[in-house]
Amino acid sequence: MRELKILAVVVALTLITYWGVEPFAHSQMHPHVAPADFKFNDVQEDIKDIKALKGDAANGEVLVTANCTACHSIEAKGFPQLMDNASAGAAYGVTPPDLSTSGKLYNEDYLAAFIKNPAKASLVQHKFEDGRVHPMPAYDWMQPQEIADMVAFLKSIAPKEMTNKEVYTDACQRCHSIKYGDMKGGSMAAFTSDADIKKYMGKLPPDLSQYIRSRGESYLTTFINNPQKHLEGTAMPRVGLNEEAQAQVVTYLQEVGDSKKAQREELGPKFLIYFVIFAIFAFLWKASKWRDVH
């Protein structure tokens with residue numbers, strides 16, 4: 001009986017220590033932030049005149065072709081890259097994205113706000129001061145109808161379905177490598193060279209192979225949606241992914257960096273049950289051998 005009392009005291013002290021220390025440590029390492037905002041409420045005032053209009057995809061194609069294809073490829077419409085990734089990264093600081101999938105990946109309101117003012121929409125205005133300019137010019141000189149038309153066109157050419165890897169590639173790989181995605185083939189290296197992206201961002205963006213393990217799903221969900229919530233002043237832009245696309249990015253990070261998660265979670269309860277059974281047999285064995293002593 002005395003052993004059970006000792007065990008109960010040890011368990012109680014362990015739980016008190018864990019629940020007293022772990023939440024505090026977690027709060028320091030991962031401070032609470034507001035949930036991810038997939039409605040992008042902060043851009044609504046800037047685009048209210050655009051949202052009130054119905055976009056014309058045909059006219060949008062003319063506008064996108066005239067204003068965007070000098071820098072961006074649109075493989076879906078037969079506009080290939082004008083430069084290889086290395087040359088484009090050297091020219092712009094970061095490799096410009098192909099626009100074929102932008103209507104699928106990005107929130108519609110964010111996309112309109114980004115066309116209007118890229119630095120403001122992506123929350124990196126602090127990077128572009130004292131004469132520095134964002135590599136993509138602002139199109140706030142356009143009429144609201146024209147921006148609405150461009151968004152309509154980008155949505156019209158977007159694919160209906162994309163794999164998790166394809167979403168990650170188009171949304172993240174311009175800056176971030178994920179070498180565990182294809183360590184031998186090397187196809188998941190960042191499109192922009194280390195030297196160019198370090199110069200553009202201020203530091204080298206991390207490889208994301210293990211970020212699902214080191215940061216966790218909750219952190220990544222809020223961070224990708226708005227990096228400034230966790231790292232105020234960071235050079236990483238708000239990407240503007242819609243909820244579905246962002247979930248696919250996080251899922252791909254899990255597939256690469258935590259592929260055994262389901263098996264691990266399934267094994268956990270079985271492992272604990274084994275320890276409980278083992279503890280019971282150990283107690284009974286001890287009781288039978290030491291009964292005379294006590």
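Which side chain makes a polar contact with the side chain of T101? The side chain of D170 does, at 2.7 Å, and that pair is shown in the first view below. Please keep in mind that this is a predicted model, in which local features need pLDDT of at least 70, side-chain atom pairs count only at pLDDT 80 or more, and totals for chains, interfaces and linings use all residues. Residues are numbered from 1 along each chain as its sequence is written, and side-chain values use heavy atoms, with hydrogens and water left out.

**View 1. T101 and its partner D170.** T101 lies in the loop between α4 (85-92) and α5; helices (H or I, at least four residues) and strands (E, at least two) are DSSP runs, numbered from the N terminus. The side chains of T101 and D170 meet in a polar contact of 2.7 Å, the term being used for N or O atoms within 3.5 Å; within protein, one must be able to donate a hydrogen and the other to accept it, and residues adjacent in sequence count only if both atoms are side-chain atoms. T101 counts as buried because its relative accessibility is 11% (buried is under 20% relative accessible area, exposed over 50%, partly exposed in between, with a 1.4 Å probe and protein chains only). Setting aside neighbours within four places in sequence, T101 is in contact with P159, M162 and D170, where contact means heavy atoms within 4.5 Å.

**View 2. T192, a buried loop residue.** Look for T192 in the loop between α9 and α10 (194-201). With a relative accessibility of 1%, T192 counts as buried. A polar atom of the T192 side chain lies 3.0 Å from the backbone nitrogen of T95. Beyond its neighbours within four places in sequence, T192 is in contact with G89, G93, V94, T95, R174 and I197.

**View 3. Helix α13 and what surrounds it.** Helix α13 covers residues 243-257, and its 15 residues should span 21 Å at 1.5 Å a residue; the end C-alpha atoms are indeed 21 Å apart, so the two values agree. The expected span is 1.5 Å times one less than the number of residues. At the start of α13, the backbone nitrogen of E244 has a side-chain oxygen of N242 within 3.3 Å. Buried residues of α13 include A245, V249, Y252, L253 and V256. The buried residues of this helix pack against α5 (102-105), α9 (164-172), α11 (211-214), α12 (217-225) and α14 (261-290). In α12, the buried residues are Y219, L220, T222, F223, I224 and N225, and their cover includes α11 and α13.

**View 4. Aromatic rings in residues 271-288.** An unreviewed UniProt entry lists residues 271-288 as "transmembrane region"; UniProt positions are given in the numbering used here, feature names are shortened, and annotations may be inferred rather than shown by experiment. In the model this span is 100% helix and 0% strand, with its end C-alpha atoms 26 Å apart. F271, Y274, F275 and F278 form one aromatic cluster. Rings of Phe, Tyr and Trp (its six-membered ring) pair if their centres lie within 6.5 Å; planes under 30 degrees apart count as stacked, over 60 as edge-to-face and the rest as tilted. By this rule there are eight aromatic pairs. One of them joins Y274 and F275 edge-to-face, at 5.7 Å centre to centre and 70° between the planes. Y274 is partly exposed at 48% relative accessibility, and F275 is partly exposed as well, at 43%.

**View 5. Charges over tyrosine rings.** The charged end of K127 sits over the ring of Y200, 3.8 Å from its centre. R215 lies over the face of Y211, at 4.6 Å from the ring centre. A charge sits over a ring if NZ of Lys or CZ of Arg is within 6 Å of the ring centre and within 35 degrees of the ring normal.

**View 6. Positive phi at F40 and L123.** F40, in the loop between α1 (2-29) and α2 (44-51), has a phi near 50°, a positive value in a residue other than glycine. F40 is buried, at 0% relative accessibility. L123, in the loop between α7 (118-121) and α8 (144-157), has a positive phi near 60°. L123 is partly exposed, at 23% relative accessibility.
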